[in-house]
Amino acid sequence: MSIEVKDVMGRVVIAVLEEASFADIMAAMKRYAVGSVTVIDADRRPVGVVSEDDLLLKETDTVRHSISIFESWQQRQDHRKAAAVTAAQLMTSPAITVTPGTSVRDAARVMHAKRIKQLPVTDVMTGRVIGTLHQRDVLRVFSRPAAELEADVRAVLPEPHAFSIEIDAGVVKISGKVEWKSQTIALMEAVRAVEGVVDVVAEVACEKEDLIIVPPLM
(Lines give C-alpha, C1' and ligand atoms only; values in the text may rest on other atoms or scores of the structure.)
Protein backbone atom coordinates (compact mmCIF):
# COMPACT_ATOMS: atom_id res chain seq x y z
CA MET A 1 0.00 0.00 0.00
CA SER A 2 1.41 3.38 -1.00
CA ILE A 3 1.23 5.99 1.74
CA GLU A 4 0.17 9.35 0.36
CA VAL A 5 0.61 12.90 1.58
CA LYS A 6 -3.02 13.06 2.72
CA ASP A 7 -2.32 10.24 5.19
CA VAL A 8 0.31 12.19 7.15
CA MET A 9 -0.07 15.90 6.28
CA GLY A 10 -0.98 18.62 8.74
CA ARG A 11 -4.30 20.35 8.17
CA VAL A 12 -3.02 23.71 9.41
CA VAL A 13 -2.05 26.05 6.58
CA ILE A 14 1.07 27.99 7.52
CA ALA A 15 0.87 30.90 5.10
CA VAL A 16 0.87 34.67 4.77
CA LEU A 17 -0.55 36.95 2.10
CA GLU A 18 1.68 38.69 -0.44
CA GLU A 19 1.29 42.03 1.32
CA ALA A 20 2.27 40.61 4.74
CA SER A 21 4.95 42.67 6.46
CA PHE A 22 8.32 41.54 7.77
CA ALA A 23 6.85 41.58 11.28
CA ASP A 24 3.82 39.51 10.18
CA ILE A 25 6.11 36.85 8.71
CA MET A 26 8.24 36.72 11.85
CA ALA A 27 5.11 36.36 13.98
CA ALA A 28 3.79 33.47 11.87
CA MET A 29 7.11 31.61 12.05
CA LYS A 30 7.26 32.09 15.82
CA ARG A 31 3.64 31.04 16.37
CA TYR A 32 3.98 27.76 14.48
CA ALA A 33 7.67 27.17 15.25
CA VAL A 34 8.60 26.79 11.56
CA GLY A 35 11.53 27.94 9.47
CA SER A 36 9.52 29.10 6.47
CA VAL A 37 6.03 30.16 5.43
CA THR A 38 4.12 29.86 2.19
CA VAL A 39 3.08 33.08 0.49
CA ILE A 40 -0.41 32.94 -1.01
CA ASP A 41 -2.42 35.24 -3.27
CA ALA A 42 -5.96 36.45 -2.62
CA ASP A 43 -7.36 33.14 -3.89
CA ARG A 44 -5.23 31.11 -1.43
CA ARG A 45 -2.95 29.81 -4.18
CA PRO A 46 0.74 29.52 -3.23
CA VAL A 47 3.00 31.88 -5.15
CA GLY A 48 6.25 31.58 -3.20
CA VAL A 49 8.00 30.82 0.08
CA VAL A 50 9.79 33.01 2.62
CA SER A 51 12.42 31.26 4.76
CA GLU A 52 14.46 32.28 7.78
CA ASP A 53 17.43 32.68 5.44
CA ASP A 54 15.52 35.33 3.49
CA LEU A 55 14.81 37.24 6.70
CA LEU A 56 18.39 36.98 7.93
CA LEU A 57 19.56 38.96 4.90
CA LYS A 58 18.30 42.05 6.73
CA GLU A 59 21.18 41.58 9.16
CA THR A 60 23.86 39.97 7.00
CA ASP A 61 23.58 42.01 3.79
CA THR A 62 25.27 45.38 4.18
CA VAL A 63 24.89 46.65 0.60
CA ARG A 64 21.46 48.24 0.25
CA HIS A 65 21.83 51.01 -2.29
CA SER A 66 24.88 50.58 -4.51
CA ILE A 67 25.03 47.90 -7.20
CA SER A 68 28.22 46.64 -8.75
CA ILE A 69 28.38 45.45 -12.34
CA PHE A 70 30.59 42.64 -11.13
CA GLU A 71 27.93 41.15 -8.85
CA SER A 72 26.38 37.80 -9.62
CA TRP A 73 22.67 37.26 -10.13
CA GLN A 74 22.45 35.68 -6.65
CA GLN A 75 24.15 38.67 -5.03
CA ARG A 76 21.67 41.02 -6.70
CA GLN A 77 18.82 38.85 -5.45
CA ASP A 78 20.22 38.94 -1.91
CA HIS A 79 20.50 42.73 -2.00
CA ARG A 80 16.94 43.00 -3.28
CA LYS A 81 15.61 40.78 -0.48
CA ALA A 82 17.64 42.64 2.15
CA ALA A 83 15.81 45.81 1.18
CA ALA A 84 12.40 44.11 0.98
CA VAL A 85 9.57 44.82 3.40
CA THR A 86 6.72 42.56 2.21
CA ALA A 87 6.29 38.85 1.61
CA ALA A 88 5.97 39.40 -2.15
CA GLN A 89 9.37 41.10 -2.18
CA LEU A 90 11.05 38.61 0.15
CA MET A 91 9.75 35.33 -1.25
CA THR A 92 11.45 32.79 -3.44
CA SER A 93 9.16 31.95 -6.33
CA PRO A 94 7.55 29.77 -7.58
CA ALA A 95 6.48 27.74 -4.56
CA ILE A 96 7.30 24.02 -4.60
CA THR A 97 4.11 22.13 -3.73
CA VAL A 98 2.62 18.65 -3.45
CA THR A 99 -0.95 17.37 -3.64
CA PRO A 100 -2.81 15.04 -1.25
CA GLY A 101 -2.32 12.19 -3.72
CA THR A 102 1.46 12.59 -3.96
CA SER A 103 3.25 9.60 -2.46
CA VAL A 104 5.18 10.31 0.73
CA ARG A 105 8.23 8.74 -0.89
CA ASP A 106 8.08 11.27 -3.78
CA ALA A 107 7.54 14.13 -1.35
CA ALA A 108 10.58 12.99 0.64
CA ARG A 109 12.67 13.01 -2.55
CA VAL A 110 11.59 16.60 -3.28
CA MET A 111 12.43 17.69 0.26
CA HIS A 112 15.84 16.08 0.04
CA ALA A 113 16.64 17.41 -3.42
CA LYS A 114 15.54 20.98 -2.64
CA ARG A 115 16.84 20.98 0.96
CA ILE A 116 13.49 22.08 2.37
CA LYS A 117 11.72 20.96 5.53
CA GLN A 118 8.09 21.62 4.66
CA LEU A 119 5.86 21.71 1.59
CA PRO A 120 2.49 23.37 1.03
CA VAL A 121 -0.21 20.90 0.04
CA THR A 122 -2.56 22.13 -2.69
CA ASP A 123 -5.96 20.99 -3.89
CA VAL A 124 -5.75 19.35 -7.31
CA MET A 125 -8.84 21.08 -8.67
CA THR A 126 -8.50 24.62 -7.29
CA GLY A 127 -4.78 24.94 -6.70
CA ARG A 128 -5.51 26.39 -3.27
CA VAL A 129 -3.35 25.51 -0.31
CA ILE A 130 -5.13 23.11 2.07
CA GLY A 131 -2.39 21.94 4.43
CA THR A 132 1.30 21.57 5.12
CA LEU A 133 3.61 18.58 4.92
CA HIS A 134 6.47 18.77 7.40
CA GLN A 135 9.66 16.78 7.39
CA ARG A 136 8.56 15.21 10.69
CA ASP A 137 5.35 14.01 8.99
CA VAL A 138 7.43 12.18 6.39
CA LEU A 139 9.64 10.61 9.05
CA ARG A 140 6.55 9.23 10.82
CA VAL A 141 6.35 6.67 8.03
CA PHE A 142 9.47 5.01 9.43
CA SER A 143 7.84 4.48 12.84
CA ARG A 144 4.89 2.45 11.58
CA PRO A 145 3.65 -0.50 13.70
CA ALA A 146 5.51 -3.72 12.79
CA ALA A 147 2.27 -5.60 12.08
CA GLU A 148 1.11 -2.93 9.63
CA LEU A 149 4.48 -2.85 7.92
CA GLU A 150 4.60 -6.65 7.65
CA ALA A 151 1.15 -6.71 6.00
CA ASP A 152 2.36 -4.27 3.33
CA VAL A 153 5.58 -6.23 2.81
CA ARG A 154 3.69 -9.50 2.34
CA ALA A 155 1.38 -7.76 -0.14
CA VAL A 156 4.29 -7.23 -2.56
CA LEU A 157 5.66 -10.78 -2.30
CA PRO A 158 4.82 -13.25 -5.11
CA GLU A 159 3.91 -15.97 -2.60
CA PRO A 160 3.38 -14.22 0.74
CA HIS A 161 3.12 -17.35 2.86
CA ALA A 162 6.23 -18.95 1.39
CA PHE A 163 8.50 -16.55 3.27
CA SER A 164 9.15 -15.81 6.92
CA ILE A 165 9.50 -12.15 7.86
CA GLU A 166 11.15 -10.49 10.84
CA ILE A 167 11.02 -6.73 11.38
CA ASP A 168 13.26 -4.77 13.72
CA ALA A 169 13.27 -0.95 13.70
CA GLY A 170 12.17 -0.85 10.07
CA VAL A 171 14.75 -3.40 8.91
CA VAL A 172 12.99 -6.29 7.18
CA LYS A 173 14.60 -9.73 7.21
CA ILE A 174 13.13 -12.20 4.72
CA SER A 175 13.84 -15.92 4.69
CA GLY A 176 12.63 -18.42 2.13
CA LYS A 177 13.34 -20.06 -1.19
CA VAL A 178 12.92 -19.09 -4.85
CA GLU A 179 13.68 -20.82 -8.11
CA TRP A 180 15.86 -18.18 -9.79
CA LYS A 181 18.55 -15.85 -8.47
CA SER A 182 16.99 -12.90 -10.27
CA GLN A 183 13.81 -13.42 -8.25
CA THR A 184 15.75 -12.65 -5.07
CA ILE A 185 16.85 -9.29 -6.46
CA ALA A 186 13.34 -8.43 -7.65
CA LEU A 187 11.94 -9.42 -4.26
CA MET A 188 14.37 -7.16 -2.40
CA GLU A 189 13.63 -4.20 -4.66
CA ALA A 190 9.88 -4.64 -4.19
CA VAL A 191 10.18 -4.79 -0.40
CA ARG A 192 12.59 -1.84 -0.24
CA ALA A 193 9.99 0.26 -2.11
CA VAL A 194 7.42 -0.23 0.67
CA GLU A 195 6.97 2.96 2.70
CA GLY A 196 8.48 2.57 6.13
CA VAL A 197 11.15 0.03 5.18
CA VAL A 198 14.58 1.23 6.26
CA ASP A 199 16.56 -1.69 4.83
CA VAL A 200 16.14 -5.27 3.61
CA VAL A 201 18.12 -8.33 4.62
CA ALA A 202 17.38 -11.31 2.37
CA GLU A 203 18.30 -14.84 3.41
CA VAL A 204 16.64 -16.38 0.40
CA ALA A 205 17.99 -19.53 -1.21
CA CYS A 206 17.71 -20.03 -4.97
CA GLU A 207 17.74 -23.24 -6.99
CA LYS A 208 19.06 -21.85 -10.29
CA GLU A 209 21.50 -19.14 -11.31
CA ASP A 210 20.24 -16.97 -14.16
CA LEU A 211 22.42 -13.90 -13.74
CA ILE A 212 25.22 -13.44 -16.26
CA ILE A 213 28.55 -12.55 -14.69
CA VAL A 214 30.63 -10.44 -17.07
CA PRO A 215 34.39 -11.04 -16.64
CA PRO A 216 36.51 -7.93 -16.04
CA LEU A 217 38.17 -6.33 -19.02
CA MET A 218 41.90 -7.01 -19.31
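Let me start with the largest pocket, which is lined by 28 residues, and of these Ser36, Val49, Ser51, Ile116 and Lys117 lie nearest its centre. Please keep in mind throughout that what we are looking at is a predicted model. The space in this largest pocket comes to about 640 Å³. If you ask which elements give two or more residues to its lining, they are the strands β2 (36-40), β3 (46-51), β4 (118-122) and β5 (129-134), together with the helices α3 (52-60) and α7 (135-139). Which of them gives the most? That is α3, with four residues in the lining of the largest pocket. Sorted by class, the lining of this pocket has twelve nonpolar residues, nine polar ones and seven charged ones.

From the pocket I would like to move to the sheet that holds β2 and β3. This is an open sheet of three strands in the order β1-β2-β3, and its pairing is mixed. Its edge strands are β1, which covers residues 15-17, and β3, each of them pairing on one side only. On average, and with direction ignored, neighbouring strands of this sheet are turned by 35 degrees against each other. Helix α2, residues 22-32, packs on the sheet and touches β1, β2 and β3, while its direction makes about 125 degrees with that of β2.

How do β1 and β2 run with respect to each other, parallel or antiparallel? They run parallel, and three bridges join them. Along this pairing, Leu17 stands opposite Ile40 in β2, and Val16 has Val39 of β2 as its bridge partner. As for β2 itself, the strand is mostly covered, with five of its five residues buried. Ser36, Thr38 and Ile40 point one way from β2, whereas Val37 and Val39 point the other way, and all are buried. You will recall Ser36 from the opening, where it was one of the residues nearest the centre of the largest pocket.

Following the chain out of β2, we come to Arg44, which is placed in the loop between β2 and β3. Its phi is near 65 degrees, a positive value in a residue other than glycine. Arg44 has a relative accessible area of 39%, and because this falls between the limits for buried and exposed, under 20% and over 50%, the residue counts as partly exposed. A second residue of this kind is Arg115, in the loop between α6 and β4, where phi is near 55 degrees, again a positive value in a residue other than glycine. With a relative accessible area of 64%, which is over 50%, Arg115 is therefore exposed.

Let me turn next to His134, which lies in strand β5. Is His134 buried or exposed? The residue is buried, because its relative accessible area of 8% is under 20%. Leaving aside residues up to four places away in sequence, His134 touches Ile14, Val34, Met111, Lys117 and Gln118. Lys117 in that list is also among the residues nearest the centre of the largest pocket.

Now to the loop between α5 (87-90) and α6 (104-114), where Met91 is found. Met91 counts as buried because its relative accessibility of 13% is under 20%. The C-alpha atoms of Met91 and Val50 are separated by 4.5 Å, although the two residues are 41 residues apart along the chain. Pro94 has its place in the loop between α5 and α6 as well, and the peptide bond leading from Ser93 to Pro94 is cis, with omega near 0 degrees.

Finally, there is another open sheet of three strands, in the order β6-β7-β8 and with mixed pairing. Here the edge strands are β6 (164-168) and β8 (199-208), each pairing on one side only. Neighbouring strands in this sheet are turned by 20 degrees against each other on average, direction ignored. Strands β6 and β7, the latter covering residues 171-180, run antiparallel and are joined by five bridges, and Asp168 stands opposite Val171 in β7. Which helices should you look for around these strands? Helix α8, residues 146-155, lies across β6 and β7 and runs at about 140 degrees to β6. Helix α9, residues 181-192, packs on the sheet, touching β7 and β8, and its direction makes about 150 degrees with that of β7.

Notes
Residues are numbered from 1 along each chain as its sequence is written. This is a predicted model: local features need pLDDT of at least 70, side-chain atom pairs count only at pLDDT 80 or more; totals for chains, interfaces and linings use all residues. Side-chain values use heavy atoms; hydrogens and water are left out. Two strands pair if DSSP finds at least two bridges between them. Axes are lines fitted to C-alpha atoms, for helices over the stretch in contact, and angles run from 0 to 180 degrees between N-to-C directions. Contact means heavy atoms within 4.5 Å. Buried means under 20% relative accessible area, exposed over 50%, partly exposed in between (1.4 Å probe, protein chains only). On a 1 Å grid over the protein atoms alone, a cavity is a set of points where a 1.4 Å probe fits but cannot get out, and a pocket is an open set with protein on both sides within 12 Å along at least five of seven lines; lining residues have an atom within 4 Å of a point. Grid points are joined across faces, edges and corners, and a volume is the space filled by probe spheres set on the points. Ala, Val, Leu, Ile, Met, Phe, Trp, Tyr, Cys and Pro count as nonpolar, Asp, Glu, Lys and Arg as charged, and the others, Gly among them, as polar.
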